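Student: Could you pick one part of this structure and take a close look at it with me? I would also like to see how it links up with other features of the chain.

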Amino acid sequence: MWLPCGCTSKYVASSFARRTLASYLHVSGRSRCNVAAFMPEAAGLEGVSGRAALRELSVSNSESFWAAVARHRLCWSTPFHTVQDCDLSRGKIKWFEGGKLNVSVNCLDRHVHTCPERVALIWERDERGWCCTDELLEMTCRLGNLLRRHGVKRGDCVTIYMPTCPLAVASMLACARIGAAHNVVFAGFSADALAERIRDAQSSTVITVNQGVRGGKVTELKKTVDTAMQSCPTVKQVFVAMRTDNPVTMTARDIAMEEVREQKEMLKEDVVCEPAVMNSEDVLFLLYTSGSTGKPKGLVHTQAGYLLYAALTHRYVFSYHDGDVFGCVADIGWITGHSYVVYGPLANGATTVLFESTPIYPDPGRYWDMVERLKINQFYGAPTAIRLLLKYGDQWVNKYDRSTLKTLGSVGEPINTEAWEWYHRVVGDGRCPVVDTWWQTETGGICIAPRPSDPDAEIVPGMAMRPFFGINPVLMDTEVIVFGFLQGEVLTSNNTSGALCMAQPWPGMARTIHNNHQRFIDTYFQPYPGYFFTGDGAYRSEEGYYQITGRLDDVINVSGHRIGTAEIEDVVNQCPAVAESAVVGYTHSIKGQGVYAFVVLKKGIDVQEADLSRQLNGMVSEKIAKYASPDFIQFAKRLPKTRSGKIMRRVLRKVVESDLEGLGDLSTLDDPAAVQEIIQGHEKLLSKNRS
Ligand code: WTA
């Protein structure tokens, strides 16, 4: 059982904690006890007789639900006075106002006091068998003091460009400790992409490492930061930790951070760092993600609501119990790493695994070897990796003891039935529930997943199925377009498909787009006034279960990494030979989706297509990241357009999927012959590729 009184008395209003505990102790009656055993924080709620009723109440009386859960699961230094103040039509979202807390205290101090022997982090380094644990609280405090001494203040934004390692987690928590926001940039992003995010976030401090190591390959992260710095004049300081022993050139701006070398900056610091007392709605972090325009959006998450939602979903979707070892193999550069490597598990006092390597390094048994060695109880990964491993065969799984596994999770993209079945049957020996979890950077945590539900409730392969507590999904008609925007009615029947929207706010949702609240409103709240629009389509089955059908906008998902087609087009169009381009996604057997670019050259350009393809691929890797680089580049004389000059992406998507039957109505095209040329070009490219 989880009790709320593990916090240091100095920091926590103890009477507050006792009050919540008392409400638990006074619960009586059989059905109440069931709910209390399942979710102690909900035990005091009136008239809840079982899980179904609890789920019902979390939506119909969401204030009572979230208030009870927030009081119980988080440690507050001052209790909140208002549970929520939200107006979806205006994109206004506020939770737990009046409440004060510190996220790092919630993730570290209180658990250090209740379970001092429990390990917080296990770092599974790229080098197999080299895992290690660290004193996370101590590291966080030293780092917090170091940042403070170098002038980082409450409200500042620190950019973290690091691989998945303990110091990266400590950097995130150190920011939280001193009240600074963090902006983690995935270490696979290029210098340009990093610079754009640093500038947009107005960061003056960056934390990085000398070099990264992944899949046995060394990446020059510090050098990438140096390049980015050329276009980031506001950055005053770059802290550099040592992941490898190779020295890197240091400039006047750089500060050597770790104890490894002679400048022992971190060791100079005290191991006690006074936590900043933060308001519930102060910014915790920015995380950039792709949208349908060329410019990534810095989504903003705040303190209490985000932490509570990450913690609650971690506890109940994965059925995490005290003492479990939680293995989420996502990189900390993505939201999954934030919510289910760092904040959710740590807020629950879990032992969380940091995975630095790849699923096939040094061989395709890597995940399961790690499961055996670290005795992982919940494993959370991406369908793209499962599809890849499936191809290598069962022997790589069967070699290892996976008896500790209790729940398997999938995230980031749809999981096809074959991959789901293999995950369930081979990896989980047919005995572990597989939870296909649907959510987004914007939602902060899992919104739709098969669990929690009754232990024997059915799980349908490849379906996210059931909304989480407090989540009220609706499907909207996508057919009606008014002034160029989707508009529609709520679809109430089952066995139907539509645009997936949320009819109610929940504490984990993003609060705004950094420096651009209007874009936040336009993207998420304007398409269906009064609702949060996810950008995804979904099908609701006869039984009322949800299945995600894919993006409705120009965002594609490559190996679970989101990328806007407009971002890639912007780069391709920078090539002097290119007149225009259109990028679409296509079904890829491992990556889920691949990148397919149509390119029209300027008149009179005479180049070898193969050379230009190489050049364009290089540009995309350099300006964005390797994963965004096109798998196919088709050169065309022209693109199919409407009479008003808009590229018909719908048609291009059908062509690359070889779904010529589905081309639909071409009568609005300016010149239907353009489609025939595109089809022929596509066939030529495919046959060239086959040979
Ligand atoms: C897609 C990742 C199908 C979806 C947590 C969403 C999924 C986008 C699933 C968010 C799933 C995520 N089934 N599609 N279980 N999970 N997606 O922001 O299109 O990187 O909108 O967050 O990934 O990607 P993001």
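**A helix and its surroundings**

Tutor: Let's start at the end of helix α12, where the next residue is K375, with a positive phi near 55°. Helices (DSSP runs of H or I, at least four residues) and strands (E, at least two) are numbered from the N terminus. Please keep in mind that this is a predicted model, in which local features need pLDDT of at least 70 and side-chain atom pairs count only at pLDDT 80 or more, while totals for chains, interfaces and linings use all residues. Residues are numbered from 1 along each chain as its sequence is written, and side-chain values use heavy atoms, with hydrogens and water left out.

Now look at the helix itself. α12 spans residues 366-374 and is mostly covered, with seven of its nine residues buried. Buried means under 20% relative accessible area, exposed over 50%, and partly exposed in between (1.4 Å probe, protein chains only). The buried residues are R366, Y367, W368, D369, M370, V371 and L374, so charged side chains such as those of R366 and D369 sit on this list beside residues like W368 and V371. In that grouping, Ala, Val, Leu, Ile, Met, Phe, Trp, Tyr, Cys and Pro are nonpolar, Asp, Glu, Lys and Arg are charged, and the others, Gly among them, are polar.

Step back from α12 toward the N terminus and you reach P362, in the loop between β17 (351-355) and α12. The peptide bond from Y361 to P362 is cis, with omega near -5°. A cis bond also joins R451 and P452, where omega is about 10°, and P452 belongs to the loop between β20 (434-437) and β21 (473-476).

How do such values compare with what you would meet elsewhere? Most residues other than glycine have a negative phi, and most peptide bonds are trans. Besides K375, you can find a positive phi at D429, about 50°, although it is not a glycine. D429 is in the loop between α15 (417-427) and β20, and it counts as partly exposed because its relative accessibility is 44%. N515 has a positive phi too, near 65°. Its place is the loop between β26 (512-513) and α16 (517-525), and at 56% relative accessibility it counts as exposed.

Next, turn to the ligand. There are 17 residues around it, and D436, T441, D536, R551 and R562 are the closest; a residue counts here if one of its heavy atoms lies within 4 Å. Several polar contacts (pairs of N or O atoms within 3.5 Å) can be picked out. A backbone N or O atom of T437 is 2.8 Å from a nitrogen atom of the ligand. D536 places a polar side-chain atom 2.5 Å from a ligand oxygen, and a side-chain N or O atom of R562 is 2.7 Å from an oxygen atom of the ligand.

Compare that arginine with R73, which is in helix α4 (residues 62-73). R73 is buried because its relative accessible area is 2%. Its side chain makes a polar contact with the side chain of E41, at 2.6 Å; within protein, one atom must be able to donate a hydrogen and the other to accept it, and residues adjacent in sequence count only if both atoms are side-chain atoms.

Finally, visit the second largest pocket, with a volume of about 820 Å³. A pocket is an open set of points on a 1 Å grid over the protein atoms alone, where a 1.4 Å probe fits, with protein on both sides within 12 Å along at least five of seven lines; lining residues have an atom within 4 Å of a point. The volume is the space filled by probe spheres set on the points, which are joined across faces, edges and corners. Of its 30 lining residues, E609, Q634, F635, A636 and K637 lie nearest the centre. β32 (592-601), α18 (609-623), β33 (632-636) and α20 (673-690) each supply at least two residues, and α20 gives the most, with eight. The lining divides into twelve nonpolar, seven polar and eleven charged residues.

Past β33, you will find R638 in the loop that runs to α19 (649-656). R638 is partly exposed, with a relative accessible area of 29%. Its C-alpha atom is separated by 51 Å from that of W95, 543 residues apart along the chain.
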